[in-house]
Amino acid sequence: MQAEHLSVADQASWEGAIRHLYEDATTFSATGPRAHEDWRADVLAVMARAVPDPRGWAGLDDTANERSQEHPDFPFCRPAFRSDPSRPLTPADIAERLHEINRASAENLLLALTDGGCTLRNLERFTESFDELQNMARTILARYGDTFTCYTNVTVGARKDDTLDFGASHWGYIPMTFYWEDAGLVIVSDTEVGLFWTFAC
């Protein structure tokens with residue numbers, strides 16, 4: 001577990017940071033309760049929109065209109081079976097496709113997810129300084145307390161010390177959705193599970 005002091009996020013600042021950072025992205029941002037010993041089961045519940053935000057805070061879901069009875073967790077799927085929506089993700093699939101990263105990498109990843117391509121060059125469209133945008137990312141993380149773990153399907157510059165190198169000349173990911181490109185972050189605390197994903201066709 002990572003333990004580090006974070007400022008407290010209230011509803012207005014947390015929702016405002018999400019809206020501002022991801023307003024131009026195709027995104028899915030949602031939080032659900034931590035109800036299982038295996039947090040991967042909670043991740044699947046959030047993907048399926050089967051649980052409400054425990055605090056009633058608003059996330060973003062640009063793919064909600066594409067859901068169906070056959071595939072309520074669209075766009076999340078087992079990539080090997082994209083043509084068969086009856087094959088949903090399992091906790092084992094989540095375990096295979098996510099790896100742990102540290103908090104500093106999670107902060108940068110939240111900023112890289114502001115558009116397709118998963119790069120910090122996406123920040124060039126913002127008028128705020130990098131420090132101001134980083135504070136927004138820290139506000140998002142602050143909701144999950146002082147102790148949490150972070151996981152991602154992004155493999156760009158991944159190193160053995162749980163860091164991501166966003167200075168790498170290319171990026172990669174392990175697909176988890178119907179989209180050709182998808183990159184995301186999962187934040188796991190003792191009480192909540194947060195998902196932040198960006199998609200590109």
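Colleague: Where along the chain does C118 sit?

Modeller: C118 belongs to the loop that runs between α4 (103–112) and α5 (130–142), and I should say at once that we are reading a predicted model.

Colleague: What does the backbone do at C118, and is the residue buried or exposed?

Modeller: The phi angle of C118 is near 50 degrees, which is a positive value in a residue other than glycine. As for its surroundings, C118 has a relative accessible area of 5%, and it counts as buried because that value is under 20%.

Colleague: Which other residue has a positive phi although it is not a glycine, and where is it found?

Modeller: R49 is such a residue, with a phi of about 55 degrees, and its place is in the loop between α2 (39–47) and β3.

Colleague: Which residues are joined by a cis peptide bond?

Modeller: The cis bond joins F74 and P75, with omega at about 10 degrees. P75 lies in the loop that leads from β3 (60–61) to α3 (91–97).

Colleague: Turning to charged side chains, how should I read a salt bridge, and how many are found in the whole structure?

Modeller: The general idea is that side chains of opposite charge can pair when their charged atoms come close. Here a search of the whole structure finds twelve salt bridges. One of them brings us back to R49, which pairs with D61 at 2.9 Å between the closest N and O atoms. This pair links distant parts of the chain, since R49 is in the loop between α2 and β3 while D61 is in strand β3, twelve residues apart. D61 itself is partly exposed, with a relative accessibility of 26%.

Colleague: What is the closest N to O distance in the salt bridge of E96 with R97, and is each partner buried or exposed?

Modeller: In that pair the closest N and O atoms are 3.7 Å apart. E96 is exposed, with a relative accessible area of 57%, whereas R97 counts as buried at 13%.

Colleague: Which residue meets E107 in a salt bridge, and which helices hold the two partners?

Modeller: E107 meets R138, with 3.2 Å from N to O. E107 lies in helix α4 and R138 in helix α5, so this salt bridge ties together parts that are 31 residues apart in sequence. At 2% relative accessibility E107 is buried, while R138, at 32%, is partly exposed. Elsewhere, D53, R55, R143 and E192 are joined into one network by salt bridges that share partners.

Colleague: How, then, should I read the packing of α4 against α5, and at what angle do their axes cross?

Modeller: In general, two packed helices are described by the angle between their axes and the distance between the axes. In this model the axes of α4 and α5 come within 9 Å and cross at roughly 110 degrees. That angle falls in the range from 65 to 115 degrees, and α4 and α5 are therefore described as roughly perpendicular to each other. The crossing in which α4 passes α5 is right-handed.

Colleague: Which residues make this contact, and how do they divide by character?

Modeller: From α4 the contact uses R103, A106, E107, N108, L110 and L111, and from α5 it uses F130, L133, Q134, A137, R138, I140 and L141. These residues divide into eight nonpolar, two polar and three charged. E107 and R138, the salt-bridge partners discussed above, are both among the residues of this contact.

Note on methods
Residues are numbered from 1 along each chain as its sequence is written. This is a predicted model: local features need pLDDT of at least 70, side-chain atom pairs count only at pLDDT 80 or more; totals for chains, interfaces and linings use all residues. Side-chain values use heavy atoms; hydrogens and water are left out. Helices (H or I, at least four residues) and strands (E, at least two) are DSSP runs, numbered from the N terminus. Buried means under 20% relative accessible area, exposed over 50%, partly exposed in between (1.4 Å probe, protein chains only). A salt bridge is a side-chain nitrogen of Lys or Arg within 4 Å of a carboxyl oxygen of Asp or Glu. Axes are lines fitted to C-alpha atoms, for helices over the stretch in contact, and angles run from 0 to 180 degrees between N-to-C directions. Angles under 35 degrees count as roughly parallel, over 145 as roughly antiparallel, 65 to 115 as roughly perpendicular and the rest as oblique. A crossing is left-handed if the near helix is turned anticlockwise from the far one by less than a right angle, and right-handed if clockwise. Contact means heavy atoms within 4.5 Å. Ala, Val, Leu, Ile, Met, Phe, Trp, Tyr, Cys and Pro count as nonpolar, Asp, Glu, Lys and Arg as charged, and the others, Gly among them, as polar.
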